[in-house]
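Please walk me through this structure in the viewer, one selection at a time. Tell me what to pick next and what is found there.

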Amino acid sequence: MTGHHASKTITRRRALAVTGGTVAAGGLAVAGYQAASADETTGAAGTAASATSASGSTCMTLMTSVTEGPYYLDGALVRKDITEGKSGVPLTLRLTVVDATDGCTPVPGAAVEIWHCDAWGYYSGYTTASPGGSAPAESEDGSTADDATYLRGYQIANTNGVVKFETIFPGWYTPRTCHIHVKVHTGGEKEDGTYEGGKVNYTGQFYFDDEIAQEVFTLQPYSRHTGSYTTLDDDMVYDGGGAAGGLLTLKAVKKGNPARGYKGFLTLGIDPDAENTGAGSGNDGGGGGGEGGTPPTGEPPTDGPTQSDTSSGSSAGTDPAASASAS
């Protein structure tokens, strides 16, 4: 089932506890990040199992890597703050990269690359692609963001394998749930403000608790995008695996005031010998796609009718081939 943003009745998703296992195909394992300091204790979503740390004996499994989707662009900048003035609920991401094949030891120098849509569902580089439902044109947001680079960026892991991003809570587009795309690279280096060389060890996505996401979407500017929102249970990519499937652990900056923002945590356990670029298949469910991830086209909707969810709700964990067909 899908939830409408105007609804005040929000069903809390069943929390999923995930236990240890072996490294999954595609080379990545994920666990909720256990805060290293008192102000980073988990909260809000409450769906992640205890984190795997450098001292842990087991890394947790993740579904097979999924496609990068049609909205990927090469040449993202190495930077902590990727907002470029885009408005939305603040989101700080703290991600820890560990080697799942070597006792979950930190992977210093790993490059974590993320990209996601803005509050109305638009991606930089594809600002005329329809997000579904009814939304203002991307150009109406009034920001000074560069339409080719906003909400995209790299961070290089420190000696503890940690990267940190400052961004905004993503919006949504039909027929996908709220998500952030991610690639983990190793073996390259920073050059001319971006990251060059090496290889991609993993391509995947991060997800958000339904209750938190739908509460955020009642706020400005998100509320100007109306229509049918796809929940986690009905998403075509999320496999229902909780933290091991990419579900972020979220902590509200100020309890009871979602407009103040959230902190998100996740541990990424990579196999440094694995390679998965996520290219060559899938279309992100956005109406385009095909071989190579051709981007969707078309003008943004304005006053058109609400579009119903077209997601099949199939589980990526049940059918790895299906998980690679959309992102």
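Select Asp-118 and Lys-86: the two form a salt bridge, with the closest N and O atoms 2.8 Å apart. Asp-118 belongs to the loop between S5 and S6, Lys-86 to the loop between strand S2 (28–31) and S3, and 32 residues separate them along the chain. This is a predicted model. Both Asp-118 and Lys-86 are buried.

Keep Lys-86 and add Asp-141. These two also form a salt bridge, and here the closest N and O atoms are 2.5 Å apart. The pair again links distant parts of the chain, with Asp-141 in the loop between S5 and S6, 55 residues from Lys-86. Are the two partners buried or partly exposed? Lys-86 has a relative accessible area of 6%, so it counts as buried. Asp-141, at 23%, is partly exposed, because buried means under 20% relative accessible area.

Stay on Lys-86 and show Tyr-150. The charged end of Lys-86 sits over the ring of Tyr-150, 4.2 Å from the ring centre.

Next, select Arg-176 and Asp-235. Their salt bridge has its closest N and O atoms 2.7 Å apart. Arg-176 is in the loop between S7 and S8, and Asp-235 is in the loop between strand S10 (228–230) and strand S11 (249–252), so the bridge ties together parts that are 59 residues apart in sequence. Arg-176 is buried, with 0% relative accessibility, and Asp-235 is likewise buried at 0%. Back at the earlier site, salt bridges with shared partners join Lys-86, Asp-118, Glu-138 and Asp-141 into one network. The structure holds 7 salt bridges.

Now turn to the aromatic rings. A search of the whole structure finds 13 aromatic pairs. Show Tyr-71 and Tyr-126: the ring centres are 5.4 Å apart and the planes meet at 75°, so this pair is edge-to-face. Tyr-71 lies in the loop between S2 and S3 and Tyr-126 in the loop between S5 and S6, 55 residues apart. Tyr-71 is buried at 3% relative accessible area, and Tyr-126 counts as buried at 14%.

Move to Trp-172 and Tyr-229. Their ring centres are 6.3 Å apart with the planes at 80°, so the pair is edge-to-face. Trp-172 is in the loop between S7 and S8 and Tyr-229 is in strand S10, so the pair ties together parts 57 residues apart in sequence. Both residues are buried. Extend the selection to Phe-169, Phe-208, Phe-217, Tyr-222 and Tyr-262, which form one aromatic cluster with Trp-172 and Tyr-229.

From Tyr-229, pick out Gly-132: the C-alpha atoms of the two are separated by 9.7 Å, although the residues are 97 apart along the chain. Gly-132 lies in the loop between S5 and strand S6 (152–156) and is buried, with 2% relative accessibility.

Finish with the nonpolar interior. Which residues touch the most other members of the largest nonpolar core? Among its 43 residues, they are Leu-95, Ile-114, Phe-169, Phe-206, Phe-208 and Phe-217. Elements that give two or more residues to this core include strand S3 (90–99), strand S9 (194–207) and helix H1 (210–216). Apart from this core lies another, of 13 residues, including Tyr-72, Ala-129, Tyr-154 and Tyr-173. Centre on Ile-114: beyond its neighbours within four places in sequence, its contacts include Ile-82, Leu-93, Phe-165, Val-182 and Phe-206. Last, show Tyr-72 with Lys-183, whose charged end sits over the Tyr-72 ring, 4.7 Å from its centre.

Methods: Residues numbered from 1 in each chain as written. Predicted model: local features only at pLDDT ≥ 70, side-chain atom pairs only at ≥ 80, totals over all residues. Heavy atoms only, no water. Core = buried A, V, L, I, M, F, W, Y, C linked by side-chain atoms within 4.5 Å. Buried < 20%, exposed > 50% of the residue type's maximum accessible area, 1.4 Å probe, protein only. Helix = DSSP H or I, 4+ residues; strand = E, 2+ residues; numbered from the N terminus. Contact = heavy atoms within 4.5 Å. Salt bridge = Lys/Arg side-chain N within 4 Å of Asp/Glu carboxyl O. Phe/Tyr/Trp six-rings, centres within 6.5 Å; stacked < 30°, edge-to-face > 60°. Lys NZ or Arg CZ within 6 Å of the ring centre and 35° of its normal.
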